[in-house]
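Student: I would like to go through this structure with you. Can we take it in short questions and answers?

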Amino acid sequence: MCGIAFVRLRKPYEYYIEKYGTPLYGLNKLYWMMEKQRNRGQDGAGVAVVKLDVPPGYRYISRYRSIDPNPTEKIFKKIHKRIKKALEGYEDYALNAQWLKQYVPFTGEILLGHLRYGTHGVNALENCHPQLRQNNWRSRNLILAGNFNMTNVEELFNKLISLGQHPKEKIDTVTVLEKIGHFLDEENERIYRLYKGQYSKQEMSHIIEENIDLQRVLQRACKDFDGGYAIAGITGYGASFIARDPNGIRPAYFYANDEVIAVASERPAIQQAFGIGYDEIEEIKPAHALIITKDGRFEQKPFIEPQALTACSFERIYFSRGNDPDIYRERKQLGMQLVPKILEKINYNLEDTIFSYVPNSAESAFLGMIEGIERRLSQERIEAVKQQDMERLQKLESQYARVEKLVIKDAKLRTFIVDDHSRNEFVSSAYDTTFGIVRPGVDTLVVMDDSIVRGTTLEQSLLRMLDKHVPKHIIIVSSAPQIRFPDCYGIDMSRFGEFVAFRAVWALLHERNMEDLLEEVYRQCKEAIAQGGVHENYVKRLYEPFSDEEISEKIAEIVRPASMKARLSVVYQSVEGLHKACPNHQGDWYFTGNYPTPGGNMVANRALVNYMEGKLERAY
């Protein structure tokens, strides 16, 4: 779920200095797009800039990366400091485009930024994008940054070995960079052979750059990729691409006018950075790459066979910022659809119920829930008037949804996605509460959350805190369905033991003496892994004997602290409700186990085998 930001200046560099009075126009736009996507990366960030047509002997690629707190801010402060230092004694050249490009770093036409959400492994600088594959020929240099997870890293690693390479690490970042880099090298060689003998070696460099076919490079490099991805790449000579996976799992948007091409993972980042209309921003098509030539021409070109559209619904529920108007409406709809379940749980007693939400990303769904309750009350009042039931009407007139800010999240952290070592510490200190609102032993608390993954936040912090108010009943409402399966395409939720829904099913299987089913599924998963190839997700069978309500009730038992006195219920969104609210984002594998690629099924089966065998390793 990382974030990408890309800026391509389409006019000569001096144009922006003359029009905007600064050589930092591109950097400023990149900074704002990255800042507006801070939700996509708290662990690290990186920026790379490529300059066009710099004479030999001068640097044309600049890159900074950081894993410091507030990494984007740190990087741009460092860039500005470096630029200021380079200008010391040369202030008269501060607006001289040619001099700046030769002597001052980060003064270029092509800019790429990345925000890293590191959910697996060590948070090291080497893991931050953009990644750089260097060569003394401009056309063989490749800078890469992406929002991607590949399920078949082992296969891709072995492919590189079969090509004669010696990869330094077995991770998807390296395999993707080297795979694309290899076919970029082959494209260089193809053109060299085609024109060999017709030009001098010095002239050949320009001939190669003019004839490289990035669509062909991506067609050859990406055909074996299994995963969700939005990959941005810049070549050393200045052509670039942003490629999106064939299922449209990972998001990517772009805007273009005669001055600039901008790409980001989220549409509002572009909208706010450039002050443009929402409808001026386009979505990069799945299975297509936005390819930008050295001279600034652009086109969306297919590079892989398109598959069924399964855009990630978790982006809509939780991860993307809610100021995208479509996402805002969808999140409100998610909350609205939960109203019948909630009213049933509180026995339609609004007078003794307080409604609240946590964290901030649940606010839109909460507003939808409150709006749904108010609509329900309005309909009932209309019916009472029609039936001339004045007693009922009088009672309804005094009813309303009691809304309070009960829970406050102190830290701007997403606790479920923090690394394992730090999570418990964050969970226990991330929340605070407002006292003096709840009537002890009388009020029911309904608290909206956008998703419940591990249940750790509920068990270790939130429920203990809410129980101190001495409510009669606490109802935790999730605007997302039960998260039951690994997500191997974006957020790295890769182990079954991390899912409270799976823990609930595990408990139910043992309580009802259904260990035989567990062993059978375990055997099927092991056989499927041994056989390789395309196979189904056998883990789905473990959930089939139980209703959603049975699993929810068991989840409530699991997350309930031993010291808790109030009654506890957990209410989840249905999968049908999710699809109704987010009709254009049908990717629901973490809820249903319906993976859009063969690698997803493999990951689910391997994750169960790891769990059964006590292995904590990642399933891909």
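Student: In which strand is Thr353 placed?
Tutor: This is a predicted model. The strand that holds Thr353 covers residues 353–357. Its name is β14.

Student: Is Thr353 buried or exposed?
Tutor: Buried means under 20% relative accessible area. Thr353 has a relative accessible area of 1%. So Thr353 is buried.

Student: Which residue has its backbone oxygen 2.6 Å from a polar atom of the Thr353 side chain?
Tutor: Leave aside neighbours within four places in sequence, and Thr353 is in contact with Ile346, Arg402, Asp443, Thr444 and Val446. The backbone oxygen you ask about belongs to another residue, Asn349.

Student: What is the volume of the largest cavity?
Tutor: The structure holds two cavities of 30 Å³ or more. The second largest has about 40 Å³ of space. The largest has a volume of about 100 Å³.

Student: Which helices each supply at least two residues of the lining of the largest cavity?
Tutor: This cavity is lined by 18 residues. Pro251, Tyr253, Glu315, Arg316 and Ser320 lie nearest its centre. By class, the lining has seven nonpolar, four polar and seven charged residues. The helices are α9 (267–274) and α10 (313–319).

Student: How many charged residues are in the lining of the second largest cavity?
Tutor: The residues that line the second largest cavity are Lys36, Gln37, Glu266, Pro268, Ala269, Gln272, Arg321 and Asn323. Two of the lining residues are nonpolar and three are polar. The charged ones number three.

Student: Which strands stand at the edges of the open sheet?
Tutor: Seven strands form this sheet, in the order β3-β2-β4-β1-β10-β9-β11, with antiparallel pairing. An edge strand has a single partner, so one side of it is left without a neighbour in the sheet. The edge strands are β3 (61–66) and β11 (282–283).

Student: What is the bridge partner of Tyr253 in β10?
Tutor: Tyr253 is one of the residues nearest the centre of the largest cavity. Strand β9 (residues 253–256) runs antiparallel to β10 (residues 260–264), and four bridges join them. In β10, Tyr253 is partnered by Ala264.

Student: How many Å apart are Leu377 and Leu142, C-alpha to C-alpha?
Tutor: Leu377 sits in helix α13 (residues 363–386). Leu377 is buried, at 3% relative accessible area. Not counting residues up to four places away in sequence, Leu377 touches Leu350, Leu396, Gln399 and Tyr400. Leu142 is 235 residues from Leu377 in sequence, and in space the distance is 60 Å.

Student: Which residue does a cis peptide bond join to Val358?
Tutor: Most peptide bonds are trans. One cis bond joins His129 and Pro130, with omega about 0°. Another has omega about -5°, and the partner of Val358 there lies in the loop between β14 and α13. That residue is Pro359.

Student: Is Phe106 buried or exposed?
Tutor: Phe106 lies in the loop between α4 (97–103) and β4. Phe106 is not a glycine, yet has a positive phi of about 65°. The relative accessible area of Phe106 is 2%, so the residue is buried.

Student: What does Tyr348 count as, at 43% relative accessibility?
Tutor: Tyr348 is in the loop between α12 (339–345) and β14. Phi of Tyr348 is positive too, near 60°. Under 20% is buried and over 50% is exposed. The value of 43% lies in between, so Tyr348 counts as partly exposed.

Key:
Residues are numbered from 1 along each chain as its sequence is written. This is a predicted model: local features need pLDDT of at least 70, side-chain atom pairs count only at pLDDT 80 or more; totals for chains, interfaces and linings use all residues. Side-chain values use heavy atoms; hydrogens and water are left out. Buried means under 20% relative accessible area, exposed over 50%, partly exposed in between (1.4 Å probe, protein chains only). A polar contact is a pair of N or O atoms within 3.5 Å; within protein, one must be able to donate a hydrogen and the other to accept it, and residues adjacent in sequence count only if both atoms are side-chain atoms. Contact means heavy atoms within 4.5 Å. On a 1 Å grid over the protein atoms alone, a cavity is a set of points where a 1.4 Å probe fits but cannot get out, and a pocket is an open set with protein on both sides within 12 Å along at least five of seven lines; lining residues have an atom within 4 Å of a point. Grid points are joined across faces, edges and corners, and a volume is the space filled by probe spheres set on the points. Ala, Val, Leu, Ile, Met, Phe, Trp, Tyr, Cys and Pro count as nonpolar, Asp, Glu, Lys and Arg as charged, and the others, Gly among them, as polar. Two strands pair if DSSP finds at least two bridges between them.
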